[in-house]
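Hi,

Here is the structure I said I would pass on. Have a look at it first, and my notes on what turned up are just below.

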Amino acid sequence: MSQSQTLPLKRHQDENPRDDDSSDIKPSRLKISLPSEDSDKKILIKRVKDVEICVPIVYGTIAFFLGRKASESQSHKWTVYVRGASNEDLSAVVKRVVFQLHPSFNNPTRVVESPPFEISECGWGEFEIAITLFFHSDACEKQLDLYHHLKLYPEDESGPQNTKRPVVIESYNEVVFPEPSEAFLARVQNHPAVVVPRLPDGLNLPSPVPVEPMNDKERGDTKDHPLNHWFLNFSEADELLKLAAARQQVQAHIVKLRRQLTLMEGLPQSKQPSG
């Protein structure tokens, strides 16, 4: 693989490797645009207004130096993946993931149809990996494109590279679905990978229709993943997201109370409720 041949770089992330098990939290909210109203009418989609649901995700790479097993063309074994921020199963939202590798690899376009959404390879060069997420039809018909730089070598190259401690580069993002369809919301409102705010009073959702059944051997969470020990800890970002959702609920309640007070102040004295 020629070191000079790389995929086009369209997005930079803060991707400096760290020596601890945590990460600087710089969340980016990736808001999914809504389809046109005409498109919704054609397939009779009912949407929940003034509601946003959020799916925290992490995508990145883990690279191990092969040491004595290394050759000129294969010095590292690496894995690129997309996972839940706290290792939850993303398959309730994500239908498939496409990883676009360097063109020097055999079959550089890799399609992963079921979790875990990852691929592993061996090589010697660093390059940009394009990662495309496709969602279930009730969530979104549009794809989400992400870009990640595969890094094989640590920043500190003063000594020999450690074969037991990998180079871990991960990015945290929050995928936001504004005005979700009622079917999508009903299906994921209690899913651990999805952050759902308090829903409007009186909202009646349809009975949830699950996606294709999955047996225990095909679970999509990464809590028992063999690389789980090396995943960075984004639990603080996840908690901040939940706190933000709670603040939105409080603000919505305050706005509602203010409207009620304004209406009451406009009523004649005789029509105001008595204590």
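The sheet is a good place to start: in this predicted model, five strands line up in the order β1-β9-β2-β3-β6. The sheet is open, and its pairing is mixed. At the edges sit β1 (28-31) and β6 (117-123), each with a pairing partner on one side only. Going from one strand to the next, the twist averages 20°.

If you zoom in on the β1 edge, you'll see that β1 and β9 (residues 167-178) run parallel and are joined by four bridges. To find your way around there, look for Lys31, which stands opposite Val176 in β9.

Next, a residue outside the sheet strands. His191 is in the loop that links α2 (182-188) and α3 (235-265). What does the side chain of His191 have 3.0 Å from one of its polar atoms? That would be the backbone nitrogen of Ala193. Once you set aside neighbours within four places in sequence, His191 also touches Asp89 and Ala92.

A word on confidence before you dig in. The protein chain has an average pLDDT of 78, with 71% of the residues scoring at least 70. Residues 1-26 are another matter: the pLDDT there is below 50, although the model gives this stretch 62 contacts beyond near neighbours in sequence. Predicted coordinates should not be read in detail where pLDDT is low.

Shout if anything is unclear.

Cheers

Conventions:
Residues are numbered from 1 along each chain as its sequence is written. This is a predicted model: local features need pLDDT of at least 70, side-chain atom pairs count only at pLDDT 80 or more; totals for chains, interfaces and linings use all residues. Side-chain values use heavy atoms; hydrogens and water are left out. Helices (H or I, at least four residues) and strands (E, at least two) are DSSP runs, numbered from the N terminus. A polar contact is a pair of N or O atoms within 3.5 Å; within protein, one must be able to donate a hydrogen and the other to accept it, and residues adjacent in sequence count only if both atoms are side-chain atoms. Contact means heavy atoms within 4.5 Å. pLDDT is the predictor's confidence in each residue, from 0 to 100. Two strands pair if DSSP finds at least two bridges between them. Axes are lines fitted to C-alpha atoms, for helices over the stretch in contact, and angles run from 0 to 180 degrees between N-to-C directions.
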